[in-house]
Structure formats: C-alpha cells, structure tokens
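Q: Please give me a close look at one part of this model, the protein surface near the DNA. Then place that surface in its setting of domains and chains.

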Number of protein chains: 2
Amino acid sequence: MTKNLTRREKVKLANREAILSAAEEIFAEKGFYAATVDEIAERAEFSKGALYTYFKNKEDIFLSLVLDKVDKQKEMNQGLGASLAPMECIKRLIRAHLKFFEENKEYFQIITSERNRFKPGTKNKLRRELMKRFQSYLKDVEGLMKAAIDKGDLKNLTPNYLAIALIGIINSFTAQWIFTGSESSLQEMSEVVTKLFLEGAKA
Amino acid sequence: MTKNLTRREKVKLANREAILSAAEEIFAEKGFYAATVDEIAERAEFSKGALYTYFKNKEDIFLSLVLDKVDKQKEMNQGLGASLAPMECIKRLIRAHLKFFEENKEYFQIITSERNRFKPGTKNKLRRELMKRFQSYLKDVEGLMKAAIDKGDLKNLTPNYLAIALIGIINSFTAQWIFTGSESSLQEMSEVVTKLFLEGAKA
DNA sequence: TATAAAACTGAATAGTTAGTCATAAGGTAC
DNA sequence: GTACCTTATGACTAACTATTCAGTTTTATA
C-alpha cells in the first residue's frame, strides 16, 4: 500500500516517521513545553530548519504524533472482533490495551501529561479533532459495555461508568508499570486486570 | 494554633497561602513550564519580585504547593479511622478521596500532568521527598487492602494490585468529571465506585 | 513622630527558544 | 553533463521569561 509512490515520496514519508518517532521520545520525557525543537531535530538527525519542511510548527509535530497514535489505537480496537461474545470481547480489549501501552509507553506518557490541555474552548482545528477522537474512543468502549449488559453478562450499570472504571484500571496499571521501570511485562497483567474488573475485590 | 505569631508573621503566612493558591490555578491550567511567574504574581496581586521573598524560585513554588497537598491528603487518610472494620474503612477511603479531589481539582490536574517528571534519577531534594511521599501514600492504601484480605473481606490478591486498581478507578472518575465540566457532584459517585471496585462488573 | 527594619516594586539582565531565510547540497530528467 | 527543482543547513531574529536588585513604600517600635 505504500507502493505507487516515487522514490522521493517514500523518503519523505520515512523521514516524517523518523521525526515523529524522535519527537515522541522527547515529548514523553519532557512534556510539550519543555521539549525543544532543537532537541527533536538532533535526535532525528536533521537540522532544525528541515523539520519545518515536514511540519508547520512545533504544535503540528505534536498533534500529528498524537493523532496518528489515537488512530492506531482505535484501529486496534476495531480489529478485535465485534462478532465475538461481548464478554470475550472485553477480555481481548483488556489484553489489547495493555499490549498497546506496552508497545507505546511514550504515547501513554504524553496523553496522560497533556490531556488536561485538550479541554474544550480551544480554537485549534487539530486539537478539536483530537478531542473528538478521544470521546469517540470512550464511546467505543461504552458500546461494548452496553452490548455485554444487554446480553446479561454485565451488571446493569451505566455503560459510561463501566467504561470509565475499566479504562481507569488499565491506565493505573500502566502508569505504575512505567513508574517502576517497565521491566516486567505489562501484558501479563491481563488476567489480574480482567479478574479485578469483572469479579471485583470482595472475597 | 496559628497563635503566638506576630501580626507580621501572620500576614506573611497568609500571603504565602495566597501565592500558592494563585499558583495552583495557573499550574493546573497551563502546566509547570507554560505557567509564568508573571502570571502567578498578577493573579496573587503581588509584584513578581515579591514572590521571590517568599520562595526561592518557580520550582520552589511548585514543589511547596504539591508537598502541602500531598500531606493534606495523607492526613485525610489517617483521619478516617483505622480502628474500623477494614471494609468500612475502604468505603470511607473512596468517599474521602472523591471529596478531596472534588475540593482540590487543580491539585489533581497538576499531579496527573506532572507525575511523569517526578521519576527517579532527580537530584532535587524536594522532588525526591515528593516521590517518597507518593510511594508512602500507595503503601497506605496497600496496607488497608492487606488488612481487609487478612480479615477475609477481600480476595486474596496482591495488595499492591488492589490498591492500584482502586486508585485507578477513582482517578478515572475524577478525570472524566473534570473533563466534562465538573458540574455534578463527584462525591455522589462514591456508591458506584465502591460497587464497581468491590463487586466488579460481571452480572 | 522619627528611625530602622522588612517587604515591595518593576525595570534591567541574561538566557532560552520557536520560527525564518539566504545559501548550499543533493537529486532528477533530458 | 547541465539546468532545474527539491530538500537541508544553521546562523539569525524576535519574542519571551526566570531571576535580580537598586530604589521606594510600609510597618513596627519607642
């Protein structure tokens, strides 16, 4: 699918990816404001000026990056088979989420750090787009919860609350995994997370 | 207890609080780097120079603020009666947490945004202190979980995981509450949160 | 009220950084 | 090989911001 591109176009695309990848690391480590364009350029092995032929400005780098990842995550969700029994779907969702964050921990750090700044009221088109996708993402999980409730698999609670709780547990495990040095495997937490979410803590 | 302070000392203390309160709003809104000392000074109705008679520098303002709040939160935890049955304790912990975040949403925003930057390796004394207190905070919740397990009230899972899950659910509800405009009461979520944590989602 | 100490002010300083642009290098097509 | 076009470079600019400090105002005391 990356075919019927000229050599030049392919190089351009690869360079773009390299810049985004460098930016991901820097933004994760320092946050949007403390990260400098110079540093991103250096890590990507380009001059600063070159970055501006790929992206309009620093914010454009940032938002392109996050947008790409949000889409990848959403794609992943769709790929986990809505045809399955809702319950099985939820188990897979948990595993897929943990896998995604394990493979994209910089992204996780970026969104947890910067989500506050995506709040309503912003004029920027990309930011609005991003907010829209965050919301649509939550809605997807909610939809899954609703299906499971209708099937009688889950308690009849507001799907929104179920989704918030599940995402919260996943995020919390991910954050702690990162904080403690990301040494073990995050995916291995799937069973505990699933058990805690479905069965609860009570004996 | 604020007695046997001279008038001057009392004013000084009040001013310090005012500056921290202004800083809290600005830091929550913009994050540490994007917040400017000018803006904090203006909101606190002081000149920029005056801030430097109260605090060593911008970071000192920030860390003093967070340290104060961490301590308040810890204090709150201790105040909820360790003598009670563990189960009752957990219920109160959930309510107390939600209440605290409802009353300190700026603090919540600040720590979720900046926690990444508190990671190991920092030389700064205050930062290390802060990290230590975060850890000790998690340990407190873990201790509670352990007590409840020993009593046979909770499943025999790693207390660390139980604590992570509960904190995750609470944080997630808080984040969503803030994201959607903080209009309803967050404390009212206590029952849902408790139910989800203890009973789980499964029907 | 006079005096000294404390606290405040805001302009000046020193440093940083996003973004630009004239110039150079590299690639493409004939 | 040459003329042309695309991309890369990095010094430069303009703007911003943390911190300082000399001079001013306020407060406490006697």
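A: What follows takes the DNA strands in turn, then the domains of one chain, then the interface between the chains.

The model is predicted. Start with DNA strand D. It has 18 residues around it, and Arg8(A), Ser47(A), Val37(B), Lys48(B) and Lys58(B) come nearest. Residues of chain A and chain B thus appear together in that list. The protein meets much of the backbone of this strand: sugar and phosphate make up 72% of the strand D atoms that come within 4 Å of the protein.

Three phosphate contacts can be picked out on strand D. From chain A, a polar atom in the side chain of Tyr54(A) sits 3.1 Å from a phosphate oxygen of DNA strand D. From chain B, Lys58(B) uses its backbone: an N or O atom there is 2.9 Å from a phosphate oxygen of the strand. Ala35(B) also uses a polar backbone atom, at 3.3 Å from a phosphate oxygen of DNA strand D.

Now the elements behind this surface. α1 (7-34) and α3 (48-54) of chain A each supply at least two of its residues, and so do α1 (7-34) and α3 (48-54) of chain B. α3(A) gives the most, with four residues. By class, the surface near DNA strand D holds six nonpolar, six polar and six charged residues.

Turn to DNA strand C. Here too the count is 18 residues around the strand. Val37(A), Lys48(A), Lys58(A), Arg8(B) and Ser47(B) come nearest. Of the strand C atoms within 4 Å of the protein, sugar or phosphate accounts for 68%, and bases for the rest.

Strand C also has phosphate contacts to list. Tyr52(A) brings a side-chain N or O atom to 3.1 Å from a phosphate oxygen of DNA strand C. In Lys58(A), a backbone N or O atom lies 2.9 Å from a phosphate oxygen of this strand. On the chain B side, an N or O atom in the side chain of Thr53(B) is 3.5 Å from a phosphate oxygen of DNA strand C.

Helices α1 and α3 of chain A, with α1 and α3 of chain B, each supply at least two residues of the surface near strand C. For this strand, α3(B) gives the most, with four residues. The classes near DNA strand C are six nonpolar, six polar and six charged.

Next, the setting within chain A. The domain assignment gives domain 1 (1-55) and domain 2 (59-199). Their centres, taken over C-alpha atoms, are 26 Å apart. Twelve residues of domain 1 and 14 residues of domain 2 make up the contact. About 1,200 Å² is buried between the two domains, with 71% of it on carbon and sulfur atoms. On the domain 1 side, Glu24(A), Phe32(A) and Phe55(A) lose the most area, together 46% of what that side buries.

Glu24(A) also has a charged partner. Its side chain forms a salt bridge with that of Lys69(A), at 3.7 Å from N to O. The rule finds one salt bridge across this domain interface. α1(A), already met at the DNA, gives the largest share of the domain 1 side, ten residues. That side divides into seven nonpolar, one polar and four charged residues.

Last, the interface between the chains. Chain A and chain B each bring 43 residues to the contact. The buried area is about 4,200 Å², and carbon and sulfur atoms give 63% of that. Within the chain A share, Lys155(A), Phe179(A) and Lys202(A) supply 16%, more than any other three residues.

Lys202(A) is also part of a salt bridge with Glu199(B), side chain to side chain, at 3.1 Å from N to O. Two salt bridges are found across this interface. Polar contacts there come to 25 residue pairs. On the chain A side, two or more residues come from each of α1, α6 (105-114), α7 (125-150), α8 (159-179) and α9 (190-199). α8(A) gives the largest share, twelve residues. The chain A side comprises 23 nonpolar, eleven polar and nine charged residues.

One helix links the three settings. α1(A) supplies residues to the surface near DNA strand D, to the domain 1 side that touches domain 2, and to the chain A side that touches chain B.

How values were computed. Residues are numbered from 1 along each chain as its sequence is written. Chains are lettered from A and ligands numbered from 1 in the order in which they are written. This is a predicted model: local features need pLDDT of at least 70, side-chain atom pairs count only at pLDDT 80 or more; totals for chains, interfaces and linings use all residues. Side-chain values use heavy atoms; hydrogens and water are left out. A residue is near a molecule or strand if one of its heavy atoms lies within 4 Å of it. A polar contact is a pair of N or O atoms within 3.5 Å; within protein, one must be able to donate a hydrogen and the other to accept it, and residues adjacent in sequence count only if both atoms are side-chain atoms. Ala, Val, Leu, Ile, Met, Phe, Trp, Tyr, Cys and Pro count as nonpolar, Asp, Glu, Lys and Arg as charged, and the others, Gly among them, as polar. Domain bounds come from an automatic or database domain assignment. Contact means heavy atoms within 4.5 Å. Buried area is the accessible area (1.4 Å probe) that two parts lose on being put together, summed over both. A salt bridge is a side-chain nitrogen of Lys or Arg within 4 Å of a carboxyl oxygen of Asp or Glu.
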